[in-house]
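This briefing is meant to be read beside the sequence and the coordinates. It takes up sheets, a surface patch and some backbone details in turn.

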Amino acid sequence: MRFAVLGPLEVIADGRAVGVPERKVRALLAGLLAHNGRVVPAVRLIESLWGPEPPGNPLAALRAKVSQLRRALDEAEPGARLLVVTRAPGYLIEADTDAHRFQATLDRFPSTGGPGLASGGPGERAAVLAEALAWWRGPAFADFADSPLVHRTALRLEEQRLAAVEDYADVRLALGQDAALVGELSELTAQHPLRERFHALLMRALYRSGRQADALEVYRALRERKREELGLDTAPELAALHQAILEQRPALRRPAPAPAPAPARLPEPLTELVGREKALADLLGLPASARLVTLTGSGGVGKSRLALEAARRLSDGFPDGAHLVELSASSEPEVPGMVAAALGLRDDGDLAAALGTRRALLILDNCEHVVEPVAKLADLLLRAAPDLRVLATSREPLGVAGEVVREVAPLDPAAAARLFTTRALPGTPLPPRDAEAVEVICRRLDGIPLALELAAARVRSMGIRALADRLDDRFRLLSAGRRAGPAHQRTLKAAIDWSWDLLSEPERVVLRRLAVQVGGCTLEAAERVCAVPMPLPGGPPGDVELAAEAQAAGLGPDHLDPAGVADLLARLVDRSLVVRSGGRYRLLESVSAYGMERLRESGEHDLVLRWYATYYTQLAECAEAYRSGPARHRWVSRLDVESANLRGAREAAELLGDTRLATRLTGSLGWYWTQTGRQATHLAEPTPATL
């Protein structure tokens, strides 16, 4: 839970604003937040809330308001009532506020005493100040600024904001943005007619814009106003600036611009882009306000190729060039240097200043292994360079404010077939006898362009139908990879290895165990097969002994808590390794085959197969218990959806030699086959050769 005070008071829990009932309760919260971390005496709280007419029992009334506040916070986020602490002689709150975040960001700026940016260039400092000022939504404590408990804090915060605005204008002048600042500073001097630094900044901006007379008039008007209203003269610093403008001293001139990025040519494509017409049109149609666009998707799905084609089409709109930064071979510390090199700069000293006001397009390709430094750099550059746009490719989003994410999906069957035949038989029509084999290849390779192109390269040596027959051994079959390009894009296995190497160990455990699911699965199934399984709740007794044995067997170094599987699955979805659709999770067939290889290598293949077979047996038994009740239709629909996994579970039980489990599974489905008109052979249909 956090609290927003830089504007109207807000309580934010789980990313949403939470209502706090009754104005006096909100006023109490505002007073405590204004003294964040310090005790506010009960007497002062009572005076602030009720003024000269307190209730008959003021302490009891105050305790009631505190109780209301605690209840409201606890309803928004369980346990949040503990934030309001009773401590003699009153109460205090220790909370995460936007005022703290504003101050923490300012502490990185050298003019406020922070060491963080002492060596940073003006572009970097401008980005930090823009980040700090972005926390403001209006006057501090806007709806309670007149409260005696809040007033001084609100004034202090407002002074900090104005100082930050002055610093921001100063560094923007250092970046040569004087013409853009004239209007803003004119408005600020009108709002704060006696604040000298705003007038000094406006004088410098006007002088650099070729308006020396206007700059001198700003000084004259301020000097007269101070003499008439305060009987004071202007500060010596402002008088010195006035004299420097009269003398047109060279130090006042606009700073020399940072070196322009070297002109760049994007690499020319060697092949036609196939099947991406809709996705390309979407990218080209994004508004200019979409300044950071990230293409996500699984390895080999064609993110880089789509990004380059979009960049080529957009490049005419960027007079300062489109620049490709290939990051697949970079480490975290190398990211700024590689971006600088792509821009034609000799070093990465101040990239933000180098881009400045230039209108350029930056393509950051293959970011997933350096996602954090890339995200920080992109955020910095976009804040400091208003005319910069960034197009990134990554197997997960960068997570930067304002990011527009577009997932690049596998090709649809028609486009996949067109890509495969174009690459396999250039200039030659597909023989009708091979059409079915092409359909099988495209389906089993999930419409992934990299896999299809690698498969197409095999057609010359073995033919299309033989290729389709041998896809069970796809990683060996598609190992004759490309000789050029990033190493992780040269073979199908290398593409998935790249994603696997970026996973944490718990994520790897879930991915390899999820591979036994034949037809995709629900979250419940993932929790009970990827982690230590338990009998289904609300169903028949099931096989408690077998579940207990599985639990005991699973308590090793790779033991996972079922409650943590949902979060791990979400991370795998973000990393484009698991597909979530219609409330179910599934793996692309190539990822599933890879996961099965890793499952065998881990030594837990038979154990996870037993968990898998046990879960679907328990599911079938649970459905049988409701075969004649009002829930029958729901269970019939669920068994229909799980038909592939029911077959897989039967095959797994037989593979393990557990005839008892296989018999239980078959026996519990008799009513289902009878009522739906299916035969027992339905369970014996062939399944993919993954177990």
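Helices (H or I, at least four residues) and strands (E, at least two) are DSSP runs, numbered from the N terminus, and with that naming the place of Pro89 is in the loop between E5 and E6. The model is predicted, and the points below concern two open sheets, a nonpolar surface patch and a few backbone features.

**The sheet E4-E6-E5**

- Three strands form an open sheet in the order E4-E6-E5, and their pairing is antiparallel.
- Strand E4 (40-41) and strand E5 (84-87) stand at the edges with a single partner strand each, so one side of each has no neighbour in the sheet.
- E5 is joined by 4 bridges to strand E6 (residues 90-93), the two running antiparallel, and Arg87 stands opposite Gly90 in E6.
- Helix H1 (residues 23-34) packs on this sheet and touches E4, E5 and E6, its direction making about 75° with that of E6.
- Helix H3 (residues 58-76) also packs on the sheet, where it touches E5 and E6, and its direction makes about 150° with that of E5.

**The sheet E3-E2-E1-E7**

- Four strands form an open sheet in the order E3-E2-E1-E7, with mixed pairing.
- Its edge strands are strand E3 (16-18) and strand E7 (96-97), each of which pairs on one side only.
- Strand E2 (residues 10-13) is joined to E3 by 3 bridges, the two strands running antiparallel, and Val11 stands opposite Val18 in E3.

**The nonpolar surface patch**

- Leu194, Leu230 and Leu232 make a nonpolar surface patch of about 250 Å².
- Of these residues, Leu230 lies in helix H9 (residues 212-230), and Leu230 is partly exposed, with a relative accessible area of 45%.

**Backbone details in loops**

- The peptide bond from Ala88 to Pro89 is cis, with omega near 10°, and Pro89 belongs to the loop between E5 and E6.
- Glu22, in the loop between E3 and H1, has a phi near 75°, which is a positive value in a residue other than glycine; Glu22 is partly exposed, with a relative accessible area of 33%.
- Ser576 is not a glycine either, yet has a positive phi of about 65°, and its place is in the loop between helix H25 (565-574) and strand E13 (579-581).
- Since buried means under 20% relative accessible area, Ser576 counts as buried at 14% relative accessibility.

Methods. Residues are numbered from 1 along each chain as its sequence is written. This is a predicted model: local features need pLDDT of at least 70, side-chain atom pairs count only at pLDDT 80 or more; totals for chains, interfaces and linings use all residues. Side-chain values use heavy atoms; hydrogens and water are left out. Two strands pair if DSSP finds at least two bridges between them. Contact means heavy atoms within 4.5 Å. Axes are lines fitted to C-alpha atoms, for helices over the stretch in contact, and angles run from 0 to 180 degrees between N-to-C directions. Patches are made of residues with over 30% relative accessible area and no salt bridge: like charges are joined within 9 Å, nonpolar side chains (Val, Leu, Ile, Met, Phe, Trp, Tyr) within 5 Å. Accessible areas come from the Shrake-Rupley method with a 1.4 Å probe; for residues, only the protein chains shown count as cover. A salt bridge is a side-chain nitrogen of Lys or Arg within 4 Å of a carboxyl oxygen of Asp or Glu. Buried means under 20% relative accessible area, exposed over 50%, partly exposed in between (1.4 Å probe, protein chains only).
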